[in-house]
Amino acid sequence: MSEPVRVRFPPSPTGHLHVGGARTALFNWLFARHHRGVYVLRIEDTDGSRSTEEYTRSLIEALRWLGLEWDEGPPTPGYRQTERFEIYRAHAERLLAEGRAFRCRCTPETLEGLRKTAEARKETFRYPGTCRDAHVPASEPHALRLKIPREGETVVADVVRGRVVFSHAELDDWILVRTDGTPTYNFCVVVDDVTMKITHVIRGNDHLSNTPKQVLCYQALGYPLPVFAHIPMILAADKTRLSKRHGATSVLAFREMGILPEAMLNYLARLGWSHGDQEIFSREELIRHFDLEHVGAADAVFDLEKFKWVNHQWIKTLPAARVAADLVPFLARAGLPAPRDLDWLACVVETLKERARTFVEMAEQAAFYLRPPAAYDPAATAKFWKEGAPERYAILIKRLEAQEAMDPPGLEALYRFLAADLGLKLVDLAQLTRIAITGKTASPPIFDVVSILGKAETLARLKAAAAAVGAGR
RNA sequence: GGCCCCAUCGUCUAGAGGCCUAGGACACGGCCCUCUCAAGGCUGAAACACGGGUUCGAAUCCCGUUGGGGCCA
């Protein structure tokens, strides 16, 4: 048996969890669960100026909503970079003592000047190695740089991209610790991954370019390399990086939109990963089938239409009671009266689940169940409130008053009999009823609706409609 | 700008040299079903970026071009 799998998701609390981050978290989580390994959550909050507690809470809330629970991480101490400065310092000192790093006194201003000069000559600026062998004393202000071999190359063995070669000539003696004593991002990541014994680094492709620098750092530290897997990025429809201007991109925003966590995981998993022709995956199926070998190399465009379709599949699949429970807050937000109870709402959901792709849509469609129509659609009344309508309403009211059971088959039989009797088509009577009850010409099957609404409410709405037709509206 | 990555229908993808007359899904069109709207079924249109190789044979391998993305500042 090989060593246990340990993966991590290291978000920076500088914003809400967006779909790209969520997918990275998901792939790591799936990989860990598939291999019965450990999934670590680490908060990369070294950028003190932009990191906030609020975003940390938001990140955690989003991950919990998705059900991507971590085996190690907050609130256990030691999983936030700000709590780990001592560890970075110790590693930096060791690198210095072993001659793998050196002190550099070049100021940012000096370097900037050099960079400008190089740019003017249309050359690429690279740290010239000024202090490499200068033995700058600790008493002077200094940054700490990693000593990179001048010759040769570093090969990053990546599971999704194969061997990626970087020439050392392209690499700088990069800064480990800044003059102000703060460790840099790349250094923290390596030290964290090494001390947390991460075996597989699964992250966005935007980190591939940083990888050779990190590999050199692992080697300088004398630690074994993890397996790297750089997964494709998620782009907007215009093939640029997803950002606020492309609309909703944060996980919590999709929750507000009425997306199910099951659908979010399902859709995100299918962005860059596939399992034959299968489109719908439960959490368990994802765990069972997920593997890095089937992760593609090309970036993927986020498509809200398909995402909503996946969500719709889940709305149709999940038990109506569960959907009803999730729908409740959206009803309130739509300004609708509270439903009488959850069982009744589950019946409502049963008639709406084929028609609504999100909870926001479903709440909108559920409106007529919770209150009578405020107005009748003019196009609908123009079409159906013609000659004979008042009489037909009168007959419907009379026959419904005499009807005892409000079951859909019984109602349908009654309507069919009535239509035949009056020499009409079923659709004529059905639409008159639909308009009276919903104010529109489109709704779930009308007999189901009547059955759910009940006799009293149905008759009240029929009478209101009859009055409106009579009033010549 | 330098370096790196990527490239199959509009989009997500299957495809790991002959199984490809390139399959599935979303979206789009048509038909069916039907009390409306949906859902569902059937069906249509829709892609291997381009150019060179390698090979008996290339969407699949190699090189280049173009395009997109990323990292570094």
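**Exercise 1. Polar contacts with the RNA**

Task: Find which atoms of RNA strand B lie 3.1 Å from the side chain of Asp277.

Solution.
- Start at Asp277. A base nitrogen of RNA strand B is 3.1 Å from an N or O atom in this side chain. That is a polar contact (a pair of N or O atoms within 3.5 Å).
- Go on to Glu279. An N or O atom of the Glu279 side chain is 3.0 Å from a base nitrogen of RNA strand B.
- Then take Asp299. One of its polar side-chain atoms lies 3.4 Å from a sugar or linking oxygen of RNA strand B.

A note on the source: this is a predicted model, where local features need pLDDT of at least 70 and side-chain atom pairs count only at pLDDT 80 or more, while totals for chains, interfaces and linings use all residues. Residues are numbered from 1 along each chain as its sequence is written, chains are lettered from A and ligands numbered from 1 in the order in which they are written, and side-chain values use heavy atoms, with hydrogens and water left out.

**Exercise 2. The surface around the RNA**

Task: Describe the protein residues around RNA strand B.

Solution.
- Count them. There are 47 residues around RNA strand B; a residue is near a strand if one of its heavy atoms lies within 4 Å of it.
- Pick out the nearest. They are Gly272, Glu354, Arg416, Arg434 and Ser443.
- Turn to the RNA side. Sugar and phosphate make up 78% of the atoms of RNA strand B that come within 4 Å of the protein.
- Sort the protein residues by class. The surface has 18 nonpolar, 11 polar and 18 charged residues. Here Ala, Val, Leu, Ile, Met, Phe, Trp, Tyr, Cys and Pro count as nonpolar, Asp, Glu, Lys and Arg as charged, and the others, Gly among them, as polar.

**Exercise 3. Helices H16 and H18**

Task: Work out how H16 and H18 cross.

Solution.
- Locate them. H16 covers residues 408-422 and H18 covers residues 446-453. Helices are DSSP runs (H or I, at least four residues), numbered from the N terminus.
- Read the geometry. The axes come within 9 Å and cross at roughly 120°. Axes are lines fitted to C-alpha atoms over the stretch in contact, and angles run from 0 to 180 degrees between N-to-C directions.
- Name the arrangement. The angle makes H16 oblique to H18. Angles under 35 degrees count as roughly parallel, over 145 as roughly antiparallel, 65 to 115 as roughly perpendicular and the rest as oblique.
- List the contact (heavy atoms within 4.5 Å). H16 gives Pro408, Leu411, Glu412 and Tyr415, and H18 gives Phe447, Asp448, Val450 and Ser451.
- Sort by class. This contact has 5 nonpolar, 1 polar and 2 charged residues.

**Exercise 4. Helices H11 and H13**

Task: Decide how H11 lies relative to H13.

Solution.
- The axes of H11 (residues 320-333) and H13 (residues 359-370) cross at roughly 80° and come within 9 Å.
- H11 is therefore roughly perpendicular to H13.
- On the H11 side, the contact includes Phe330 and Leu331; on the H13 side, it includes Met362 and Ala366.
- The classes are 10 nonpolar, no polar and 1 charged.

**Exercise 5. Backbone exceptions**

Task: Locate the cis peptide bond and a positive phi at His135.

Solution.
- State the background. Most residues other than glycine have a negative phi, and most peptide bonds are trans.
- Find the cis bond. It joins Pro74 and Pro75, with omega about 5°. Pro75 lies in the loop between H2 (53-66) and H3 (85-97).
- Find the phi. His135 is not a glycine, yet its phi is positive, about 50°.

Terms used. Helix = DSSP H or I, 4+ residues; strand = E, 2+ residues; numbered from the N terminus. Polar contact = N/O pair within 3.5 Å; in protein donor to acceptor, adjacent residues only side chain to side chain.
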